[in-house]
Amino acid sequence: MTAETSQTLDRGLRVLKLLADTDHGLTVTELSNKLGVNRTVIYRLLATLEQHSLIRRDLGGRARVGLGVLGLGRQVHPLVREAALPSLRALAEEVGATAHLTLVDGADALAVAVVEPSWTDYHVAYRPGFRHPLDRGAAGRAILAGRRPGQEPTDGYVLTHGELEAGASGAAAPLLGVAGIEGSVGVVMLSESVPEKVGDRVVAAAREVADALR
């Protein structure tokens, strides 16, 4: 801790991070042990966070992340979209295909930013807000691949054809090394297959977006 930082705020944020990393919640004693502070401090932190609906406590006394974090999370998509748009525009223009940034939303893949090429006569219509299961489509499959460290796609990207739209092929690469964000960058085009050079360009764009979000 430095003189410019708040120890209490730091501890509160660490509590939220610990709770976000568990599906079963944590007790006061468990939080006390993990943070190395006494139980009285934990009680005060939880009471404050609970007032703002950032945590909740179940009947057994275990603390869990509260619904209040959803209000904060709604502001994340616009920030992520803004950071990704320059790379998506460059990708769409260079490849001549619709480029997109897709993030995890529950069990679905959700397109949060889409850029269509300006110079093509025909391209796939793809809109922000479009969602599909994670196990269908290149964007979702790339995200699932990114969840398996060391088992990412051999070439760094995933290819699919006709899984979401007849006659359309997709290529997507996972966003790697961005804390708190699961997503992918990809393109979708009207073709039987995606050229290898397009796949390589998608991987490069995913790295650019990841760098912008770090």
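Reader: Which residue in the turn of the hairpin formed by strand 3 and strand 4 has a positive phi?

Author: In this predicted model, strand 3 and strand 4 form a hairpin with two residues between them. The strands run antiparallel and are joined by seven bridges, and Val104 stands opposite Ala109 in strand 4. The turn residue with a positive phi, of about 65°, is Gly106.

Reader: Which residue in strand 8 does Ala99 stand opposite?

Author: Ala99 belongs to strand 3, which spans residues 98-105. Strand 3 pairs with strand 8 (residues 183-190) in the antiparallel sense, over six bridges. The residue opposite Ala99 in strand 8 is Val187.

Reader: How many of the eight residues of strand 3 are buried?

Author: Strand 3 has strand 4 as one partner, through seven bridges, and strand 8 as another, through six bridges. A residue counts as buried when its relative accessible area is under 20%. Strand 3 is mostly covered, and the number of its residues that are buried is six.

Reader: Which strands are the edge strands of the open sheet of six strands?

Author: The order of the open sheet is 5-4-3-8-7-6, with antiparallel pairing. An edge strand pairs on one side only. The two that do so are strand 5 (131-133) and strand 6 (158-161).

Reader: What does the twist average from one strand to the next?

Author: The sheet is open and has six strands with antiparallel pairing. One such pair is strand 7 (residues 168-174) with strand 8, joined by seven bridges, where Pro174 stands opposite Ser184. From one strand to the next, the twist averages 30°.

Reader: What angle does the direction of helix 5 make with that of strand 4?

Author: Helix 5 packs on the sheet and touches strand 3, strand 4 and strand 8. Helix 7, in turn, lies across strand 3, strand 7 and strand 8, and runs at about 145° to strand 8. For helix 5 and strand 4, the angle between directions is about 65°.

Reader: Are helix 5 and helix 7 roughly parallel or roughly antiparallel to each other?

Author: Two packed helices are described by the angle between their axes and the distance between the axes. Helix 5 (residues 76-95) and helix 7 (residues 196-213) pack at an angle of about 160°, with their axes 9 Å apart; the crossing is right-handed. Angles over 145 degrees count as roughly antiparallel. The two helices are therefore roughly antiparallel.

Reader: How many nonpolar residues does the contact of helix 5 with helix 7 have?

Author: On the helix 5 side, the contact includes Val80, Ala83, Ala84 and Leu91, and on the helix 7 side it includes Val198, Val202, Ala205 and Leu213. Charged residues also take part, among them Glu94 in helix 5 and Arg201 in helix 7. By class, there are three charged residues, one polar residue and, for the nonpolar class, twelve.

Reader: Which residues of helix 6 are buried?

Author: Helix 6 (residues 137-146) is mostly covered, with seven of its ten residues buried. What covers these buried residues includes strand 3, strand 4, strand 5, strand 6, strand 7 and strand 8. The buried residues are Gly137, Ala138, Ala139, Gly140, Ala142, Ile143 and Ala145.

Reader: What is the relative accessible area of Pro195?

Author: Pro195 lies in the loop between strand 8 and helix 7. Buried means under 20% relative accessible area and exposed means over 50%, with partly exposed in between. Pro195 is partly exposed, and its relative accessible area is 37%.

Key:
Residues numbered from 1 in each chain as written. Predicted model: local features only at pLDDT ≥ 70, side-chain atom pairs only at ≥ 80, totals over all residues. Heavy atoms only, no water. Buried < 20%, exposed > 50% of the residue type's maximum accessible area, 1.4 Å probe, protein only. Helix = DSSP H or I, 4+ residues; strand = E, 2+ residues; numbered from the N terminus. Pairing = 2+ DSSP bridges. Axes fitted to C-alpha atoms, helices over the stretch in contact; angles between N-to-C directions. Parallel < 35°, antiparallel > 145°, perpendicular 65-115°, else oblique. Left-handed = near helix turned anticlockwise from the far one by under 90°. Contact = heavy atoms within 4.5 Å. Nonpolar A, V, L, I, M, F, W, Y, C, P; charged D, E, K, R; others polar.
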